Amino acid sequence: MTKKIIPSMLIAIAWFVVTTFFYKTILLMLLFLVWKKQVFEKLPSWMVRYGMKPYWAVFVICLWVAMPRYRIYSGDRVRLVYLDEEGNAKHPPLGQYLVNTLLPEEEVMNMGVHNYASLANKIGIGGPIMQQVESDKANGKIHNFYAPYRHLGLENPMSGVYVQAFNQFLGGNGRAVYICSPKDWSKDKAYPLVVFCHGFLGNWQLYQGIWMDLNNCIVLSIGTHDWSGIFCKDDIDKIFTFYIPALERMDYQIDKQQLHLMGLSNGGSAINAAMHSRHASDFKSITSISCNLKGLRKVPCKVNLIGGGEDNSSRLMPSQAAKLRKMGVDVGFFFDPEENHFILVNQREKILSFLKQRMNLN
């Protein structure tokens, strides 16, 4: 029995380190395998009559539930949907599905937060963003990065980051979007649409764990072809000519008078593009998160600015908010002088409340 203590302790430690239900189930399977003799000795005879088969069957079912859904229409509130050139939903490429299953985004992020920031700074490629990650770790805020993933629970979508990685490094041309359905979605009801554009490294699952709490709207998260997260006017046009029709083909009814656009970090380029496009009047609100605006101008929609004073990407927001108000723009301002580039993660509940009020989603 003493020989089993060490591997059991290692498995127990790994249980607390890994974050996904998929890997936690695998660890339980390993622990059961180590102690199966002792477990069977304690069980009544009728529970051991069929040997290991029923128990392995339970584990396999748990693994299947914890895996990303391969079905086009999974029924989950949050899912990653692959689209063909016409905007029709399709099954993901098998290779990408396997990568998503074996290397879940949440697990990769978990390892990256703990290790990459320190390594990047040591070899001189960390930059301000990685330094802010280290600062959040030192200040006990790092668990804020895990909470949205945990909030997803068994809503386990594939990762949009991998789509962009395959495009960037293997010459692919995949296109995928996150769709977060309203909390009590009905096909017979039209809902506001919030389009979210994330920056470098795509539209993380992490943000879906935040946006699902907007509740009374459809949240569509779109990404750029590669990792850049830089959006242009053509991307804004595609919201109306490609993405909205794609949603409607999937039986989503959209209230065209309640269209909202949000951009985070590099994704704030979508806000800049929208402000200077012919679609500026089509949005009820545009929201820049952790990204300064460029080329201020009067727009007919609401403008929301969310940022932190310790973030160079947001440092111009106070003056920009004042200038836009002088132009007669309806500006909502959420700014914390002590926050950094990850203000959305660190103050998600306050920001969600702010956005619900500004977007009339309560």
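**Briefing: a pocket and a surface patch**

The residues that line the second largest pocket divide into nine nonpolar, 11 polar and six charged. The model described here is a predicted one, and this briefing takes up that pocket before turning to a nonpolar patch on the surface.

**The second largest pocket**

- The space that lies in the second largest pocket comes to about 440 Å³.
- Its lining is made up of 26 residues, and those that lie nearest the centre of the pocket are Gly-174, Arg-175, Gly-223, His-225 and Tyr-243.
- Several elements each supply at least two residues of this lining, namely strand 1 (78–83), strand 3 (176–180) and strand 5 (218–222), together with helix 10 (160–170) and helix 12 (233–249).
- Helix 10 gives the most to the lining of the second largest pocket, its contribution being four residues.

**The nonpolar surface patch**

- On the surface, Tyr-70, Leu-94, Leu-98, Leu-102, Leu-103, Val-108 and Met-111 form a nonpolar patch, and together these residues have about 640 Å² of accessible area.
- Helix 6 (94–102) and helix 7 (105–122) each supply at least two residues of the patch, while the largest share, three residues, comes from helix 6.

**Met-111 within the patch**

- Met-111, one of the residues that form the nonpolar patch, lies in helix 7.
- Met-111 has a relative accessible area of 45% and is therefore partly exposed, because that class covers values between the cut-offs of under 20% for buried and over 50% for exposed.

Key
Residues are numbered from 1 along each chain as its sequence is written. This is a predicted model: local features need pLDDT of at least 70, side-chain atom pairs count only at pLDDT 80 or more; totals for chains, interfaces and linings use all residues. Side-chain values use heavy atoms; hydrogens and water are left out. Patches are made of residues with over 30% relative accessible area and no salt bridge: like charges are joined within 9 Å, nonpolar side chains (Val, Leu, Ile, Met, Phe, Trp, Tyr) within 5 Å. Accessible areas come from the Shrake-Rupley method with a 1.4 Å probe; for residues, only the protein chains shown count as cover. A salt bridge is a side-chain nitrogen of Lys or Arg within 4 Å of a carboxyl oxygen of Asp or Glu. Buried means under 20% relative accessible area, exposed over 50%, partly exposed in between (1.4 Å probe, protein chains only). On a 1 Å grid over the protein atoms alone, a cavity is a set of points where a 1.4 Å probe fits but cannot get out, and a pocket is an open set with protein on both sides within 12 Å along at least five of seven lines; lining residues have an atom within 4 Å of a point. Grid points are joined across faces, edges and corners, and a volume is the space filled by probe spheres set on the points. Ala, Val, Leu, Ile, Met, Phe, Trp, Tyr, Cys and Pro count as nonpolar, Asp, Glu, Lys and Arg as charged, and the others, Gly among them, as polar.
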